[in-house]
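This report looks at strands, sheets and salt bridges. The sequence and structure come first, and the description follows.

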Amino acid sequence: MRHKKIMIDEVMNLLKLEHVSKVYKGGKKAVDDVTLSFNKGEFIAFIGTSGSGKTTTMRMINRMIEPTSGKITLDGEDLSQKDPVHLRRGIGYVIQQIGLLPHLTIRDNIVLVPKLLKWPDEKRQEIAKNLIELVDLPEEFLDRYPGELSGGQQQRIGVVRALAADQDIILMDEPFGALDPITRDSLQDLVKDLQQRLGKTIIFVTHDMDEAIKLADRIVIMREGKVVQFDTPENILREPADKFVEEFIGEDRLLQARPNVTTVEQIMLKTPVSISPAKSLNEAIKLMRDKRVDTLLVVDDAGFLKGFIDVESIDYNKNKATSVADIMNKQVFFVRKDSLIRDTVQRILKRGIKNVPVVDENSKLVGIVTRTSLVDMVYDSIWGDDSEDESDAAEVHSTTTEKVE
Amino acid sequence: MIQFLQTYGSELMVKIGEHLYISFFALLLGVVVAVPLGILLTRFHKAASFFIGLASILQTVPSLAILALMIPVLGIGKFPAIVALFVYSLLPILRNTYLGVKNVDPNLKDAAKGMGMTTMQQIIMVEVPLAMPVIMSGIRLGAVYVIAWATLASYIGAGGLGDFIFNGLNLYQTDLILGGAIPVTLLAMLTDFLLGILETKLSPVFLRTEK
């Protein structure tokens, strides 16, 4: 089997398109001299109006469409020299219409590519179990048929199917376009999380600017077969290349551009009140009184966030429990320090939580966001920012929220 | 009735056997030729209309004429009868296979190809299983045609239940005519029923539960 596992340098370009064009019969240029290069582990979003060539460009990467001219290289190897069938088995593929095979069980659908690659049966069983767990669906679903699942559940399967053979690159063609907003939101979170956790390179086609900004590390904006702008969401929002891009982004987003790209880290309080799980309840109460707070975050010695305790639970369990670990609530909602405020704010406000701990990429506690500072951010984005320094703002509100209510 | 069975019972069994023999091989040949051809045609859409048109034209040639035409080429007996009936089974099987495979959701074909299936794997693992109900109903239709028309094979000396009917017609004996016609009808219905069960068994589970 000609299926080589490729070792590459982190900084080297994984995928390169050089002067790639696609001309259909009758002279219609779908893709016009596109040159792009993507790094390993990047989340790339192609965005553009319909007919802009974004899907065509993506489909040339797994040779579902052959370029008329130009060269595409993967790890320095010319795609046109590779066997298309083997190439496609190494590239995950997710489409808007989901495309689960209706006559196969969910299990057989998930491990379809491993089966094509003739991986042993035990290994396939294991993959199916691991992957269904990864997307938070019960294991019983493995024996069901796609028709018995909801659209959102089916697309979760569609996403993990693209991971089953440990593909490094995953192509996604408007995968969430047909889903309702709530389901779409949760699937976006899932894909972003998988990409960050597993280090996958994702090439994602969408026509939804919000989706592109939320997910992508870099965005390719296309129009009439040409690349208009290729940059990070922040830079595109800050400096749109031309009028077309400006219109495409929309006035609203440009106005909100500043708060849009603020990360949680920039507004969080860097000194959250925390306690170790081994401490006694009396110590916890004393700490609460000293710091004038009603909730303590529980953090182990290494700095990992374990849960939280609040005044009510201490009061309720005063006679039964002795240590913080006994009564701590492990169901703690937290955010990553590098997530964008615009994604986070609604979730926090909707849940009605007063404080949200902030963790770094290793799940270590680094700060806390208070509800008041978020509300302030929302006001800023509506009525503009009166040159108030963010850290000052956070400081001022911190005192109000930390009071025991 | 009882008297008829006493007189012709053993002969009836032989004739039913001959009838089934001719029909079975004609249909088998039809399936073996028309199913792969139908699948192949989905890859060449331009050739498809030609071949299906050709099969439709063959269908319109009167069956007696086809049987008669077989005589100078293949002589008389069971073999030319099988060939002639095979021609009749072609159209329903070919057309249903072609349409069934062609109408499989293009998104599923795209997904199958995009995941790295070879053309053969796409056909065997995706297209044929999903088109199976349509292909099977073509085969059922072909089977009923073949069993009904196998009656005429008696004219070129192939035997079968047609012998009873034509003897009855020649001798003005109604019991012989009915003794041939009723078993033919029953055979056709039984075959259709059995193939119907097979169709359900071969259909994808998700389609089965909807019925």
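In the hairpin of strand 12 and strand 13 of chain A, five residues lie between the strands, and Gly303(A) takes a positive phi near 95°. This is a predicted model, in which local features need pLDDT of at least 70, side-chain atom pairs count only at pLDDT 80 or more, and totals for chains, interfaces and linings use all residues. Residues are numbered from 1 along each chain as its sequence is written, chains are lettered from A and ligands numbered from 1 in the order in which they are written, and side-chain values use heavy atoms, leaving out hydrogens and water.

Helices (H or I, at least four residues) and strands (E, at least two) are DSSP runs, numbered from the N terminus. Two strands pair if DSSP finds at least two bridges between them. Strand 12 (residues 295–299) and strand 13 (residues 305–310) of chain A run antiparallel and are joined by five bridges; Thr295(A) has Asp310(A) as its bridge partner in strand 13 of chain A. Strand 11 (residues 274–275) of chain A runs parallel to strand 12 of chain A, with two bridges between them. Four of the five residues of strand 12 of chain A are buried (under 20% relative accessible area, 1.4 Å probe, protein chains only), so this strand is largely enclosed by the rest of the structure.

Elsewhere in chain A, four strands form an open sheet in the order 2-1-4-5, with antiparallel pairing. Strand 2 (29–39) and strand 5 (77–78) of chain A stand at the edges with a single partner strand each, so one side of each has no neighbour in the sheet.

The next topic is salt bridges. A salt bridge is a side-chain nitrogen of Lys or Arg within 4 Å of a carboxyl oxygen of Asp or Glu. By this rule there are 26 salt bridges over all chains. The table includes three of them.

| Pair | Closest N and O atoms |
|---|---|
| Asp110(B) and Arg59(A) | 2.9 Å |
| Arg124(A) and Asp121(A) | 3.5 Å |
| Lys15(B) and Asp163(B) | 2.7 Å |

The pair of Asp110(B) and Arg59(A) crosses between chains, from helix 5 (residues 106–114) of chain B to helix 1 of chain A. Both Asp110(B) and Arg59(A) are buried. Lys15(B) lies in helix 1 (residues 2–41) of chain B and Asp163(B) in helix 7 (residues 162–171) of chain B, so their salt bridge ties together parts that are 148 residues apart in sequence. Lys15(B) and Asp163(B) are both buried, and together with Glu18(B) and Lys78(B) they are linked in a network of salt bridges.

Key:
Buried < 20%, exposed > 50% of the residue type's maximum accessible area, 1.4 Å probe, protein only.
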